Amino acid sequence: MTAPRTEKLLPTGTTSRTGTTSRTGTTSRTATTPRTGGLPRTGKILHGGDYNPEQWPEEIRDADHRLLTRARIDTLTVGVFAWSLTQPDADTYDFTELDRTLERAAAEGRRVCLATGTAALPPWLARAHPEVNRTDFEGRRHGYGQRHNFCPSSPVYRKAAAALAGRIAERYADHPALLAWHIGNEYGGACYCARCADAFRSWLRGRHGTLDALNDAWCTTFWSHRYTDWDQIEPPSALTEHWRGPDHTAFQGITLDYLRFTTDALLGCFLAEKEAIRAHSADTPVTTNMMGVYRPLDYHRWAPHLDFASWDNYPPLDAPPTVPALAHDLMRGLKDGAPFWLMEQTPATTACRDVNPLRRPGELRLASWQAVAHGADAVLYFQLRASRGACEKYHGAVIGHAGRDDTRVFREVSALGEELEALGGATLGARTPARTALLFDWDSWWALEISDGPSRLVRYQEQAHAYYRAARAAGADVDVVPVTADLTAYDVVLAPLLHLVKGDLAARLEAVAARGGTVLTTFLSGRADEHDRAFLADVPGPLAPLTGVRVDEWDSRPADTVNPVHLAGGPVDARLVFEIVLPRGAEPAGTYGADFYAGTPAVTRHRFGAGEGWYVATALDQPGVDQVVRRVLARHGLIGPYADHPDLETATRVAPDGTRLLFLLNHGRAPARLTAHATATDLLTGKRTERGEPLTLDPLGVAVLRL
């Protein structure tokens, strides 16, 4: 533990150690308990959210803290968009607002996730250095405005952002309220300026080494694209390789690499700020808030650089509950199954959609406990008090514009806070003991959806969700993992639309089946290598030995064209793509019912070693996916005890001391009447239920059972 550090903040008009002006009052700070990388150490699930007191008159702050205490709010995310306030010009840092906010938080016993404030440029920086503004896909250099508006390759932006992060870390590293660092906000977007073009070329040199290797990877002999100088390469945009938008590219290899480059460029901005923080704060955990199943950025490339994962959950309110569940499990998988923070969710309604439905009574509680069930050690909101103006003034908040504590939303938040307090640390650090894995691969997602043919109607996220949903509906816990993950812990590996097969993945999937596991993959899998070059082999390429099939032809039809598929459990519908399968050792588990390929296999099962490889050659409807996945799970005894309750979600976590926790979540509008499969105590009510006794969950009800 470092020695306590007490430092007086600089009075107005004096000069700081870095020679810039600081406008602030005088206070002092003392060191607190040591903190380490990874998740922040807490004694309970954190409860809080984004707090922006600088947006309101001074007198409101006292009322805020009284209300936050009533709502059991213990954690504040502060300063996310405070750059222009904290640094009003190039030579001045003004910490008045942050000082006041953190000192008040400490006095009230609250902890702070302190942001660097760099997610939106300040006007003075954009005015002085127009090159920090992004150039869009159509080649237009933007003026100042909005947020997420910086060029990630701009050295001016990176230097200024890192300098601000460093100054904030220097000032608050030992503040008693500090709990974690929050860099940026919801990173995303792309830039196509000349600096990004230069940075892309440099990135390509690092990736490919030589122009010969690059030309080979991109198949540039097609359409006379062979490059003879690095400077000939341009970012793929509406002015170069794309003609109908970002998903229509003439050269998939170029666009695929630009997507990877953009991920790495934004990651570079994050890392520059993290390095600046670490110069003053060696151990306090650092994160940024991600956006779940978010196509533009490959979060697996970011994962090693996060101390812990956090994300913002804003699903459409009419989406099935497995949509946010999939995102929760994806976020948990970023750090090898470690818990994460739910950094943002609305307590009431969003404001960014054309239509913004209100959460019904009980839905916030259910969504919050769903996050905990899937691995969250924090339940936070955007926002704690409603914004007074601009585009988020209608966004839901714990405290509305009138500052009342008798609203339905405030009462629900307060009641949830009481439950989280009562639960204490029972779930902290708990892991999910999944034996089923879903492979999720951004490269395959990108490559599939930027390809011409066979169908632009196929969506990676929809197919991944269909197989995830089937497994969850059957009561299986699921880890959502990258294709590089260690698969030795899993009995079942689901790999839908594994379009690109990279490195030793095929061999590792074969190893799963050889030792007795089951691997399932689908149409449009095993088609190309890491550069999106087709394998010079029968489809599904490296997956052919495992699946025992050969695909020579494939048909694609409009979305309203249905081909029935006959499965053991009855006929189901298939759409979009219909691969014509020639078994090479596999046996049919389902056949097409129409067109010239009627009677040929649509689903196959192949014995491989002590296990099996399954191949689904078409886009089955959800009942069809459910049938196939249940057959796979049943082989391994992975059908859950409550699988026959359609509105019930189950999730298991195992605490560090070995305590097994079963979460039951009733997403239905009617009571869920169950029979307890084991003797358990509900940690939310204290009620004990013996095995075989009735167990009832209210509509939208939750139970946390200690088994």
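**Figure 1. Met290 and Trp311 face each other in the nine-strand sheet.** In this predicted model, Met290 stands opposite Trp311 of strand 9. Strand 8 and strand 9 (residues 310–312) run parallel and are joined by two bridges; strands are DSSP runs of E of at least two residues, helices are runs of H or I of at least four, and both are numbered from the N terminus. Two strands count as paired if DSSP finds at least two bridges between them. The sheet is open, has nine strands in the order 7-6-5-3-2-11-10-9-8, and shows parallel pairing. Its edges are strand 7 (286–287) and strand 8 (289–290), each of which pairs on one side only. Residues are numbered from 1 along each chain as its sequence is written, side-chain values use heavy atoms, and hydrogens and water are left out. Local features need pLDDT of at least 70, side-chain atom pairs count only at pLDDT 80 or more, and totals for chains, interfaces and linings use all residues.

**Figure 2. Helix 11 lies across strands of two sheets.** Strand 10 (340–344) and strand 11 (376–381) are crossed by helix 11, which runs at about 150 degrees to strand 11. Helix 11 (residues 363–373) also lies across strand 23, strand 24 (660–666) and strand 29, at about 150 degrees to strand 24. Axes are lines fitted to C-alpha atoms, for helices over the stretch in contact, and angles run from 0 to 180 degrees between N-to-C directions. Contact means heavy atoms within 4.5 Å.

**Figure 3. Thr681 and Arg706 in the five-strand sheet.** Thr681 is placed opposite Arg706 of strand 29. Strand 26 (residues 680–682) pairs with strand 29 (residues 702–706) in the antiparallel sense, over two bridges. The open sheet has the strand order 23-24-29-26-27 and antiparallel pairing. Strand 23 (648–654) and strand 27 (688–689) are the edge strands, each pairing on one side only.

**Figure 4. Contact of helix 6 with helix 8.** The axes of helix 6 (residues 194–208) and helix 8 (residues 252–278) come within 10 Å and cross at roughly 105 degrees. Helix 6 is therefore roughly perpendicular to helix 8; angles under 35 degrees count as roughly parallel, over 145 as roughly antiparallel, 65 to 115 as roughly perpendicular and the rest as oblique. Helix 6 contributes residues including Phe200, Trp203 and Arg207, and helix 8 residues including Tyr258, Phe261 and Asp264. The contact residues divide into eight nonpolar, one polar and four charged. Ala, Val, Leu, Ile, Met, Phe, Trp, Tyr, Cys and Pro count as nonpolar, Asp, Glu, Lys and Arg as charged, and the others, Gly among them, as polar.

**Figure 5. Contact of helix 14 with helix 17.** Helix 14 (residues 460–473) and helix 17 (residues 622–635) have axes that come within 8 Å and cross at roughly 55 degrees. The two helices, 14 and 17, are therefore oblique to each other. Ala466, Tyr467, Arg469, Ala470, Ala471 and Ala473 in helix 14 meet Gln622, Val625, Asp626, Val629, Arg630 and Leu633 in helix 17. By class, eight of these residues are nonpolar, one is polar and three are charged.

**Figure 6. Backbone geometry in three loops.** Phe382 and Gln383 are joined by a cis peptide bond with omega about 15 degrees; Gln383 is in the loop between strand 11 and helix 12 (408–423). The peptide bond from Gly453 to Pro454 is also cis, with omega near -5 degrees, and Pro454 is in the loop between helix 13 (442–450) and helix 14. Leu524, a residue other than glycine, has a positive phi near 60 degrees.
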